[in-house]
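Work through the exercises below with the model open. Each task is followed by a solution in steps.

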Amino acid sequence: MTPVFEAKELKVSVTGRRGERELVKGVSFSVEPGRCLGILGESGSGKSMSMKGAMGLLDRSFRVSGRVSLQGEELLTKSPEELRRMRGGKVGMVLQNPMTCFDPLYRIGNQIGETFAAHQGWSRAEIRSRSLEMLERMKIRNPEEVLEKYPHQLSGGMLQRIMIGIAMAMKPALLIADEPTTALDAITQLEILNEFIRIKEENTAVIFISHDLNAVSLAADEIVVFHQGMIVDRGDFRHILHRAKDPYTRLLAEKRTAVMRSYRRALEGKETIYA
Ligand SMILES: Nc1ncnc2c1ncn2[C@@H]1O[C@H](COP(=O)(O)OP(=O)(O)O)[C@@H](O)[C@H]1O
Ligand SMILES: [Mg+2]
């Protein structure tokens, strides 16, 4: 199958007072429709920089090179305006801190509506019904009331689910989720992870970035391991867990805790972690 997204020898460097520093040192990866690629690596390994570089989210102090394509179109030569239009359209992005993605001064309903209006051209009535539908799909209780709320009146988990819901309603070809579960408690994490698994069923390609092997193992079909700006290993979860040769990957695998096992059992419905 043709990949939705493909990065080849992607490099990102930054120029500072002490000259140029390479943050991402030539990484290659791709993801196909309906599949989830997990990007795993410790904090500072270049996970966010590689996606920001690919999506044109870095300012002029950074230099991005290599090749990046989305549905066969080369991204690194596109203008900032073209890239902006793509994000929120063909590409949905879900970031670590949902609070920073919502304007504290506007009601949730207005913010959802604005995004829908900008990208889909729906009427007011249609926007309202689609907003309610989306909130219900994301298992938000009392959706009518939630539309009237301000961001600070909702929990981090609810905002995160709403952000994923908005991104999904755009029916993106690619969804990039950067540490989407890091700030959440275990139960909410599991719910959010289930959303990502569901998203794949709609044929969207997902890039799931996390420093947490447990989270990655649940959502991803294939995993690439980042270490100091390079990919040091790749394969499915079993490979990472049992057959990885790279010492850093082995360390990550060994650090995994019993939490993962209880997650898996909860997912299979054999055990509930809600008790
Ligand atoms: N704005 C910035 N300017 C310069 N260097 C940065 C900036 N943001 C991050 N870095 C550096 O880039 C490297 C990769 O960071 P990042 O991609 O954010 O890591 P990760 O997402 O894997 O935690 C780190 O060494 C970090 O210190
Ligand atoms: Mg990051």
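**Exercise 1: two domains**

Task: state how far apart the C-alpha centres of domain 1 and domain 2 lie, and describe the contact.

Solution. In this predicted model, the C-alpha centres of the two domains are 24 Å apart. Next, count the contact: domain 1 contributes 14 residues and domain 2 contributes 14 residues. On the side of domain 1 that touches domain 2, the elements giving two or more residues are β7 (174-178) and α7 (186-201). Of these, α7 gives the most, with four residues. Sorted by class, this side of domain 1 has seven nonpolar, four polar and three charged residues.

For the bounds, domain 1 covers 1-90 + 173-275, and domain 2 covers 94-171.

**Exercise 2: the sheet**

Task: give the strand order of the open sheet of six strands, then explain which strands stand at the edges.

Solution. The order is β6-β7-β8-β3-β9-β10, and the pairing is mixed. β6 (91-94) and β10 (230-235) each have a single partner strand, so one side of each lacks a neighbour in the sheet. From one strand to the next, the twist averages 15 degrees.

Now take one pair. β3 (36-41) and β8 (205-210) are parallel, with five bridges; leucine 40 is opposite serine 210 in β8.

Finally, add the helices. α1 lies across β3, β7, β8 and β9, at about 145 degrees to β8. α10 (247-255) lies across β3, β9 and β10, at about 60 degrees to β10.

**Exercise 3: ligand 1**

Task: find which helix gives the most to the shell around ligand 1.

Solution. The residues around ligand 1 include Val14, Leu23, Gly41, Lys47, Ser48 and Met49. Helix α1 (47-54) gives the most, with three residues. By class, the shell has three nonpolar, six polar and one charged residues.

Note on methods:
Residues numbered from 1 in each chain as written. Chains lettered and ligands numbered in written order. Predicted model: local features only at pLDDT ≥ 70, side-chain atom pairs only at ≥ 80, totals over all residues. Domains from an automatic or database assignment. Contact = placed C-beta atoms within 7 Å. Nonpolar A, V, L, I, M, F, W, Y, C, P; charged D, E, K, R; others polar. Near = placed C-beta within 6 Å. Pairing = 2+ DSSP bridges. Axes fitted to C-alpha atoms, helices over the stretch in contact; angles between N-to-C directions.
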